[in-house]
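Subject: Structure for you to look through

Hello,

Here is the structure I said I would pass on. Please open it first, then read the notes below with it in view.

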Amino acid sequence: MQKELSAGLLLSASLIISACGKAPAPQPATTQPDTPVAVADTLDTPKIKPENWPLQPSPIARQPAIEAKIKALLVQMSPAQKVGQLIQADIASVTPQQVRDYYLGSVLNGGNSAPGRDNRVGPKAWLELADAFWQASTDTSDGRPYIPVMWGTDAVHGHSNVKGAIIFPHNIGLSAMREPKLLRKIGQITAIEMQVTGLDWTFAPTIAVVRDDRWGRTYESYGEDPALVASYAPEILQGIQGVPGSADFLRGNHMLATVKHFLGDGGTINGKDQGDNQHSEADLRDLHGLPYYSAIKAGARVVMASYNSWYGEKMHGFQPMLSDVLVGRMGFDGFVVGDWNGHGQVKGCTPTDCANALNAGLDMFMAPDSWLKLYDNTLAQVKDGRISMARLDEAVSRVLRIKAEMGLFEQVLPSKRPLAGKFELLGSTEHRAVAREAARKSLVLLKNNQQLLPIKASSKVLLAGDGADHIGKQSGGWTLSWQGAGNKNSDFPNGESIYAGFKAALTAGGGTVELSENGRFTNKPDVAIVVFGEEPYAEFVGDRAHLAFDDSRALQILTELTAQGIPTVSVFLSGRPLWVNPELNQSDAFVAAFLPGTEGGAVADVLVRAPDGNIRYDFQGKLPFSWPADATGKPLNIGDADYQPQFAFGYGLTYQDDVQVAKLSENSGISADLVVNFSRYLHAGKAVSPWQLQLLDGDTVAVVTDPQQQSASGALASKATDRLQQEDSMLLTFNAPATAAIAHAQQQSIDLARQANGDMVLELEYQLLAMPAQNGKVQLGMRCASGQPGSESQLDFTGYFAGQQGKGWQTLKIPLRCFTDNNKAFDLSKISHPLLISAGKGLQLQLARVRLTENEGSGICGG
């Protein structure tokens, strides 16, 4: 489930050489070699043959009392009330009164939706809002039937939207443990903490089998092997829901779960989120379908339809899969919920109009911001027969059946339930202990030359890297917000950073630890530990065109430390395997920590000996994904005919292994100028390929290639400067009116329209040293490759910057929609210059980073 997008980011999308303005004549597009053709329109599309799928009976028998209740309710309900049960609205777009007025059966909070629109609000506000929705839905004063509302959320690694809740490792790390039984405890804890805040339904677990690690949701998967994923699915599911047939199934300390995304989301071409899966029917069944058979057998009662298509057929409207296979062959007897406006991608549909999806077997629309018009249109389609009453009643019955199994009809106000309001359970000592155990067991040791690890507790340790003291980074996406961005350690009152864990372990053993993000130290250490990795991301934002880790800061630190004869240990935080051979070569030991969550102390538990010299915990983790030997991103999975990984599926050293990893090839296999980076433009003061930092002076363009550079007439100068590390920021000095620009090196363009729909922002990390003289303006803008009308949009930020001088390093977020609001002719689908900085004489601006990220309500359009 995503936050606010109807389609995903296509990292290898067509590069369009055209104007940014909406010119009347269409412009030609050139297609990248790895962009799939619309196969469904050009070839004979394969057909699903349900008889090829194993027949499995439903594991849960229908209860006569519940069936009688459903039958009685259907007689009482009007068509309007029935349609309402099939609509799920986001709390940011619906009020409790509207839930009552439109008989809505469900609400959700998307990744960036929270009570009061505050992602870091306390748990009390969640409980209060749960009460409000419940009371509205159960008001029967007008004679309506009593049907309570359900509230669903993405509790994908713990109750991860709520401040103070425990954050477990993401699924990729949990799978590395190779201990499925521990997931039962994790599921139970998640269900308990959710009920503390009054919620009763999670959109988890993801049981996708990922076959291309470039996919931005790889970390949500338990691995590339369907048997491994299938072994995990029942454990986490029954941890959340309980065991079918038991008295507490879906009740008591348990609650409703969702298995997702049905089907084939992990097998799209090039790992594109929401893309096309072109596996054979046999592979769709045997690779992607296997975990669903095990999950349904274990009691899955909700399945979420997937955004992806199969040979062009979107799953949200694909009856052969939703009805003939899922229900007819797999034995599923719950209800099918959609993903965030996913029904709008079905042929012939929009987010507000989609009878085709309901007729195909979708039972509940996830219509976060489109719900009102969708409600009206669906009701009209029921009345005119485009949706039959039989199909409507079938879908409503499925939803009511699960509500009855959950005991919602007998349930009380959320705040009056046994676990409600026990906020001390959020991140409790007992829950943290389980999270710490999981994080310890998820660590995978890739390299330990000369058996450097574990280190003595009496050691003098340098802890470096931007992940060393950063709970948000070690937790990843889907953490307090959709992308997991902007989190500070103070946002995790029950969490511990990796640095804090090392400090505790070393202090107890008589050792010392010096924290230095840039790797510079006061006293020469016995060993240096560098913690680094991917920035948090979620869904399409994490899609990649390649698997090269392209942040050179850690490599620079490792290289400098190695040159001084200091033994080095790398702790790599990532949501997938990445090509890091240069970093591996500069490390004596290398740990793949994936995304361990809020219990950062688990890393020191394993890497540092006990004060008495004994090993406290050995490494247990084994790779759930094959580690690549190059950066191309070509699918690499165990069983492939040409399987040649750097580290194989299932690899993972222990302290008993005396293995020397030889120097690895540093040939990435990719050409930097062929990689289009859609979300990072300037990083550590340097343009990220294929983007350039340009100095525009009249009609001349100077591309910044040297540490110090000037435009043609000297109107604008750039200088590499130090912030945290050597030359990790760029100082721009305007000696006369001029423009600094980030531009595509080949004057090609990218499509950012979908990112604008998703409320993404252009973020600048900067320091203002001086404003322009004589009341000069400061404008920030975007441009395309042509000078046609509408090809540029400039926003006036003079007033904003006037208040920032001398305040040190700041972050500015500009919603992409601001550029189209400012210039209605501006076309965000054809951006060649994602940033223009125009100013007069006197401006001095130091830049460290420019990227796309999520809004979180702090974006501004100027000032």
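**A buried glutamate**

Glu765 is part of strand E26, which covers residues 760-770. Please keep in mind that this is a predicted model.

Is Glu765 buried or exposed? Its relative accessibility is 13%, and because the cut-off for buried is under 20%, Glu765 counts as buried.

Which residues does Glu765 touch, once neighbours within four places in sequence are set aside? Its contacts are Arg723, Trp809, Gln810, Thr811, Gln846, Leu847, Ala848 and Arg849. If you want a distance to try for yourself, take Glu765 and Pro635: they are 130 residues apart along the chain, and 35 Å separates their C-alpha atoms.

**A three-stranded sheet**

Strands E6, E8 and E9 form an open sheet, in the order E6-E8-E9, with mixed pairing. Strand E6 (276-277) and strand E9 (313-314) each have a single partner strand and stand at the edges, so one side of each has no neighbour in the sheet.

Strand E8 takes in residues 309-310, and its pairing with E9 is antiparallel, over two bridges. To find one end of a bridge, start from Ser309: its bridge partner in E9 is Lys314.

**Cavities**

How many cavities of 30 Å³ or more are there in the whole structure? The search finds 10. The second largest has a volume of about 150 Å³. It is lined by 20 residues, and those closest to its centre are Ala155, Val156, His157, Asn171 and Ala204.

Three helices each supply at least two residues of this lining: H6 (171-176), H7 (182-196) and H8 (226-241). By type, the lining of the second largest cavity has 12 nonpolar residues, six polar ones and two charged ones.

**Confidence**

The chain has a mean pLDDT of 92, and 94% of its residues reach 70 or more. Among the elements, strand E17 (residues 589-592) has the highest mean pLDDT, 99, while helix H1 (residues 39-42) has the lowest, 40. Across residues 2-43 the pLDDT is below 50, and this stretch has 120 contacts in the model beyond near neighbours in sequence.

That is what I have for now.

Regards

Methods
Residues are numbered from 1 along each chain as its sequence is written. This is a predicted model: local features need pLDDT of at least 70, side-chain atom pairs count only at pLDDT 80 or more; totals for chains, interfaces and linings use all residues. Side-chain values use heavy atoms; hydrogens and water are left out. Two strands pair if DSSP finds at least two bridges between them. Helices (H or I, at least four residues) and strands (E, at least two) are DSSP runs, numbered from the N terminus. pLDDT is the predictor's confidence in each residue, from 0 to 100. Contact means heavy atoms within 4.5 Å. On a 1 Å grid over the protein atoms alone, a cavity is a set of points where a 1.4 Å probe fits but cannot get out, and a pocket is an open set with protein on both sides within 12 Å along at least five of seven lines; lining residues have an atom within 4 Å of a point. Grid points are joined across faces, edges and corners, and a volume is the space filled by probe spheres set on the points. Ala, Val, Leu, Ile, Met, Phe, Trp, Tyr, Cys and Pro count as nonpolar, Asp, Glu, Lys and Arg as charged, and the others, Gly among them, as polar. Buried means under 20% relative accessible area, exposed over 50%, partly exposed in between (1.4 Å probe, protein chains only).
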